[in-house]
Every structure is written in structure tokens, then in C-alpha cells.
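Let's take a walk through this structure together, one stop at a time. Have the sequence handy as you read.

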Amino acid sequence: MAEVLVKVPKGEKITFKDGVPQTPDIPIIGFIEGDGTGPDIWRAAKHLFDSAVEFCYGGKRKVAWMELYAGEKAQKLANTYLPEETLEKIREYRIAIKGPLTTPVGGGFRSLNVTLRQMLDLFACVRPVKYFPGVPSPVVNPHDVDVVIFRENTEDVYAGFEVPSGSEEAKKIIQFCKKEFGWNIRPDSGIGLKPISESGSKRLIRAAIKYALRHNRKSVTLVHKGNIMKYTEGAFLNWGYELVRQEFSDVAVCWSDCNGNPGEKLLVKDTIADIFLQQILTRPREFDVIATMNLNGDYMSDAIAAQVGGIGIAPGANINFETGSAIFEATHGTAPKYANLDKVNPSSLILSGVMMFEYIGWDEVSEVILRAMKKTFHDRIFTYDFARLTTGATEVKCSEFAKAVVARLSKNPE
Ligand code: NAP
């Protein structure tokens, strides 16, 4: 390991046993503050996280935050956008939370976010989307939206197997396809591969089903385009149903095995991606947990988040449910024009923290933060993005929003 930027604070590692994180009273958790507006939202979110932990446990428990480096800060300090040390520390300490990172423009750079997900094999991108009363929304009944999207993170057209039009590699692939399969591909085509594996599909769908069972959800919907891409997206669907019959037959049932009447069991159904995008707008109550492949999941996560107020408020996590490693992250970008203005909405990062505290078993912390955020939105206290869409709002800065949430921390469910 070349770089030694990271200072490990006093505390203990979170371990992982039988699929569940084992969290000590002073867990070491990594954070990457991120580029652009990242430091603004991280400062605000950290203040709220520490206040909520103190509020819940009165000093008995505390997070030992460990700064990890990536993006522009890492480039300045270590001349690399993603130091090996950062990956090693996340592997070792398992849990991290991050702000957005700039993807350097120009050839040769893959997105740092995609790289982190792939190098740590964080195979599930989990995005809960739920409405907070008071938040401006473009749809008539946003409160009907309450879904959790499980997007496969490591395969599909994101696997990085792409060659440009006119390259030697593209020519070779085109010739090979012609010779071996009789496929006619235009000679000036760029080529990308879409691998979808049985193991990759099943581990993602397994995680979605387990999540649905643990959270008393009613259904898991497999979203696919299997009518067109039969051996990739269609196979994803077939493997999903096979998994239900093989591993979950006592607690879950496929639509076709129960004619849509699952009784007490979890219903596993499917829908084609294009009609899904209509139905989630017109009949959102019919959806609960959603499992899908990488590209579908990318489009769907942002489209559904728009229904409840958009990217400033959508949280996300990238998790390997087999090793326990997880990175919780703001889902929006760096919004560089607002950097250091203490202006943007920290809700996406805050809600990612809510997911993180739930994941490590500190449910009390998640609950008090959620309740306090609801109150803050109910009181129409908004950062600029929501304030500009609302009459009678009190517009506050990024840090002031976090302070307003802290002021509303309460153990009283009402
Ligand atoms: P962006 O940073 O998400 O910003 C687009 C617009 O979204 C902003 O101008 C702002 O809208 C709104 N917005 C973003 N974050 C917000 C927040 N916290 N609160 C309120 N509004 C917010 O997208 P981009 O400009 O396409 O990308 C900029 C950089 O971020 C690029 O380098 C990109 O690669 C990177 N990126 C990183 C991630 C990640 O790390 N996960 C994700 C996406 C993009 P208004 O202008 O209307 O106020």
C-alpha cells in the first residue's frame, strides 16, 4: 500500500456474522466528504448524525469517523483520484458513507462511483423512495410512493466491456460474429457487451427477497425487458422465479404459482420495464420492493425519486450482502456551481445515513432522524431547491437545515 493518508481513530471494527453487522459501541465508520458541494452536505449531515447518536445513547455509543480520500482531494494529496488505501480501508472496516465525486472529464477515466462499486463488489444498489409530507412533488398523489429499488451493480452494459467504432478490437469482434454466428454487424459500429449471469442475478434477487421479508413488504417485482433481450433480461426473470421455488418456497411464491393470491407469503411478480415506468406513475401502490438489472435500475431510480421531490432527497447504498461491505451515498452529483455556498439540500446524504444506522442495527438513531426530518418538512423549512417550489416556505442554508432537524429530535412518536 503506497499511500498513508488515513488516520485511524480510536474505536472498533464493525464485523459481520450470519448476514448481520455486529456493531460495537464505538464503531469506526469511513467517510468520503466528496467534491463540489460534498463538504457542505457532509458537515451538515455529520452534525445531525452525531447529535442524533448523542440524543439516543447519551454518550454510551458514538461513531468514530475515519476520513477516507477519493476524488479531487485525493488527487491533490496523493496524485490519484482513488488511492488503493481507500479501497483497503473500506474492505477492512466494511462501512463507509460518501458525498458525491466528480468524474474527471476526458478519456481513460471511469466514474469513481462505478469503480468503487465494482472493485468492492458492492453488487446491490439499494434506493428507498418514500414521500415526506410537505415536500413539493410533480405528481398528484406522491404519498402513494413507497418503494425500495434493488439495482444490480456489477454487470450489464456497465461491466465496461466496450470498444469504439473503427478500433481493431471492434473489427475483430465484428469479424468473429460474422464467421461464427453469421451475424451482420455494420462495420462502423462501436460494440458493448451486456453480460447478465445466473450467479449475479440470483444474489441480487436473493438480497431483495430477504430485505422484503425482513421489512414485512408485500411483494418483490422483477423489472426486465425479457421480451426483447431473452437470454439476458429474460434469463434474469427466469432465474428469479427459479430462486423463489428453490430457496424461498416456504415464505414466498411466484405470481404464476398462486394466480396473484399469495396468502400470507411474499408475492414475487414481474413486469416489463416500459410498462413499469407508466404503472409506477399511475398506480404506485402496486409496487413495493423492486429488483432489476443495472441500466434499468439507473433510469428507474432517478425517475421514481422525481415523484417524491427529486435528487436532492433520494438516498442510496451500495451493499455486498454476502461480505457485509457497504457504502452509503448521496445520489446526486457534486453540483459544483454551489460549492462552498452552504446552500444545497443535505437530505440525500442525511437519508443515506438513516439507511446506514438501520443497517448497523442502530434503529433508534434512524427513527429519531426520520421523525425530526418529517417535522422540519412539515414546518416548511426548506433549502433553496424546495423553497423555490413552495409558497410560505422558510428558506434556510444547508447547515441551517441540519440544525433545524437537530432542534426537532424527539423520542415522542408524535
Ligand atoms: P448534479 O451535480 O447532480 O447537479 C445537477 C443539478 O441538480 C444541480 O445544478 C441542482 O439543480 C440539482 N442538485 C444536485 N444536488 C443537489 C442538492 N444536494 N440539493 C439541491 N439540488 C441539487 O449533476 P451534474 O451537474 O450532472 O454532475 C456534476 C458532477 O457530479 C459530475 O462530475 C458528475 O460526474 C458527478 N456526479 C457524481 C455522482 C455521485 O458521486 N454519486 C452522481 C452524479 C453525478 P439546480 O441547478 O436546478 O439548482
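A residue is called buried when its relative accessible area is under 20%, exposed when that value is over 50%, and partly exposed in between. Keep in mind as well that this is a predicted model.

Let's try those words out on a patch of the surface. Phe176, Phe181 and Trp183 form a nonpolar patch there, and together they have about 370 Å² of accessible area. Pick out Phe181, which sits in helix α5, a helix covering residues 168-181. Its relative accessibility is 48%, so Phe181 counts as partly exposed.

The surface has a charged patch to look at, too. Glu358, Asp363, Glu364 and Glu367 make up a negative patch. Which helix gives the largest share of the negative patch? That would be helix α12 (residues 363-378), with three residues. Glu358, for its part, is found in helix α11, which spans residues 347-359. With a relative accessible area of 36%, Glu358 is partly exposed.

Now for charges that pair up. Side chains of opposite charge can pair when their charged atoms come close. How many salt bridges does a search of the whole structure find? The count is 27, and a few of them are worth a visit.

Start with Glu92 and Lys13, whose side chains meet in a salt bridge at 3.0 Å, N to O. Glu92 lies in helix α3 (residues 84-93) while Lys13 is in the segment before β1 (15-17), so this pair ties together parts that are 79 residues apart in sequence. Glu92 is partly exposed, at 34% relative accessibility. Lys13 counts as partly exposed as well, with a value of 38%.

Next, find Asp40 and Arg43. They form a salt bridge too, with the closest N and O atoms 2.8 Å apart. Here the partners are three residues apart in helix α1 (residues 38-57), so about one helical turn separates them. Is Asp40 buried or exposed? At 4% relative accessibility, Asp40 counts as buried.

Then there's Glu242, which forms a salt bridge with Lys202; their closest N and O atoms are 2.6 Å apart. This pair links distant parts of the chain, with Glu242 in helix α7 (residues 233-247), Lys202 in helix α6, and their positions 40 residues apart in sequence. Glu242 is partly exposed, at 32% relative accessibility. Lys202, on the other hand, comes in at 9% and counts as buried. Salt bridges can also share partners, and in this model such sharing joins Asp25, Lys60 and Arg61 into one network.

While you're at helix α6, stay for Ser201. This residue is in that helix, which covers residues 198-214. Ser201 has a relative accessible area of 1%, so it is buried. What does Ser201 touch, not counting residues up to four places away in sequence? The answer is Glu155, Ile196, Phe236 and Trp239.

A loop can hold a buried residue as well, and Thr334 shows how. You'll find Thr334 in the loop between β15 (326-330) and α11. Its relative accessible area is 11%, so Thr334 is buried. Leaving aside neighbours within four places in sequence, Thr334 is in contact with Asp35, Gly36 and Thr37, and also with Pro100, Leu101 and Thr102.

Our last stops are about backbone angles. Asp18 has a positive phi of about 50 degrees, although it is not a glycine. Look for Asp18 in the loop between β1 and β2 (20-22). At 74% relative accessibility, this residue counts as exposed. Arg380 also has a positive phi, near 55 degrees, and is likewise a residue other than glycine. Its place is in the loop between α12 and β16 (381-382). Arg380 has a relative accessibility of 33%, so it counts as partly exposed.

Technical notes: Residues numbered from 1 in each chain as written. Predicted model: local features only at pLDDT ≥ 70, side-chain atom pairs only at ≥ 80, totals over all residues. Heavy atoms only, no water. Helix = DSSP H or I, 4+ residues; strand = E, 2+ residues; numbered from the N terminus. Buried < 20%, exposed > 50% of the residue type's maximum accessible area, 1.4 Å probe, protein only. Contact = heavy atoms within 4.5 Å. Patch = residues over 30% accessible without salt bridge, like charges linked within 9 Å, V, L, I, M, F, W, Y side chains within 5 Å. Areas by Shrake-Rupley, 256 points an atom, 1.4 Å probe, with all protein chains shown as cover. Salt bridge = Lys/Arg side-chain N within 4 Å of Asp/Glu carboxyl O. Lys, Arg positive; Asp, Glu negative; His and termini not counted. Charge placed at Lys NZ, Arg CZ, Asp CG, Glu CD.
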